[in-house]
Amino acid sequence: MEKLAALYPAHITELNRRVAEICARENLAGLVIHSGQPHRQFLDDMDYPFKVNPHFKAWLPVVDNPHCWLLVNGKDKPQLIFYRPEDFWHKVADVPTAFWTQELDIKLLTKADKVAELLPDQVGQWAYIGEHIDVAEVLGFTARNPEAVISYLHYHRATKTDYELVCLRQANHIAVKGHLAAKSAFYGGASEFEIQQSYLAATDQGENQMPYGNIVALNENAAILHYTALEHQAPAERHSFLIDAGASFSGYAADITRTYAFEKNLFGELITAVDVLQRQIIDMMRPGVKYVDLHVATHQKLAQILIDFNLANGGVADLIESGVTAAFFPHGLGHMLGLQVHDMGGFLHDERGTHIAPPQAHPFLRCTRTLDVNQVLTIEPGLYIIDSLLASLKADKRSQMVQWNTVEQLRPFGGIRIEDNVIVHNDRVENMTRDLGLND
């Protein structure tokens, strides 16, 4: 915490600088950032788990308290309206005293519907940033999530402050503990559900604290890209294990994937090949490199793996152009990472919001930015046996480019994904995930 406390004032200075610039450009008095409100479950008296507005938690590590508000104009000390009701039904948030409170003026709000009394007098000159547009309208905000402001904030959010980098490293540190525990549980014979419980226990975080729903997939379930079913019964035969799971720290996310073979076999060798590919792509990262080019290079290297492992035949260029590599690797190379797992700004060319669409041949790519210093991204190549995608190859002349016997041999294993979280520095790439102990 001492390191975070030392870095936090500079973090606030940078956020204030950004707000001052965009507010001057858009002729705004400032921004009023809403933490959000709970969402009530239909026909019930309970709420869904609260998820804070990422624009709010960019300023301070309060992620579990709805009805809070931030008033920022880039010139004055940020003001926090902190919700602390009188409530004997639920645990009320303590009055904050952590290191970050020194950088904000704090006012307490006891009734959510009385916030207007603490907002600026000329609220029409301020912009509302948040989800609840109906609330903003009632309060008198005429500027609600203005596009120019949102684009500016999203573009610059890709550049992390030193404070944010420490938070992201800590999120990785926590997630690595979970991955090591999950790996041990897999080799110990646990079911998907049991592996998930081992992961949560090791990270000391509950499911609602995870930045996304963990993917814990045994055998052929690893071919389902967003598999979250969590079977309670362990399979009769144990072939493979894919885990895509993260952790949270002060509002920042880790997002890590590993794949394991239960025995030494062809699938294990294939995992090693994808792991080598992934490290090679990370070695190519540096400021000025286009993320799209990394994705294309991944397909080139993957095509060679398909050839080397007798999964496909033909030339590298032909396998890519015909869509064979896309059938085995249908998703993007990765995405930006930070306050959100799929952090905003990955498609922005500039702070005015110019959109860079992914290439037509790779529509699922989540990032088209040019890399720059202090950007944080995931690198996650994969190779899967997905029957619905392979069926399209089998239905036409591309069928002769696929070695179906090898496909059949690998089908029980599902698929492979290797994912690390990396920071782009001026003279190197920092692989947080491997540096913190997850090296296989």
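Me: What do the buried residues of helix 4 pack against?
Reply: In this predicted model, they pack against helix 1 (2–26), strand 1 (30–34), helix 2 (54–57) and strand 5 (126–129). Contact here means heavy atoms within 4.5 Å. Helices (H or I, at least four residues) and strands (E, at least two) are DSSP runs, numbered from the N terminus. Residues are numbered from 1 along each chain as its sequence is written, and side-chain values use heavy atoms, with hydrogens and water left out. Local features need pLDDT of at least 70 and side-chain atom pairs 80 or more, while totals for chains, interfaces and linings use all residues.

Me: Why is helix 4 (residues 147–157) called mostly covered?
Reply: Buried means under 20% relative accessible area, exposed over 50%, partly exposed in between (1.4 Å probe, protein chains only). In helix 4, 8 of 11 residues are buried, among them Val149, Tyr152 and Leu153.

Me: What makes strand 10 an edge strand?
Reply: Two strands pair if DSSP finds at least two bridges between them. Strand 10 (376–379) pairs on one side only. Its pairing with strand 13 (residues 420–424) is antiparallel, over 4 bridges, so the definition is met. Leucine 377 stands opposite valine 422 in strand 13.

Me: What makes the set of 84 residues a nonpolar core?
Reply: Such a core is a set of buried Ala, Val, Leu, Ile, Met, Phe, Trp, Tyr and Cys residues joined through side-chain atoms within 4.5 Å. Leu31 and Trp59 have the most contacts inside this one, and helix 5 gives the most to it, with 12 residues. Leucine 31 touches, among others, Val149 and Leu153.

How values were computed. Lists of a residue's contacts leave out its neighbours within four places in sequence.
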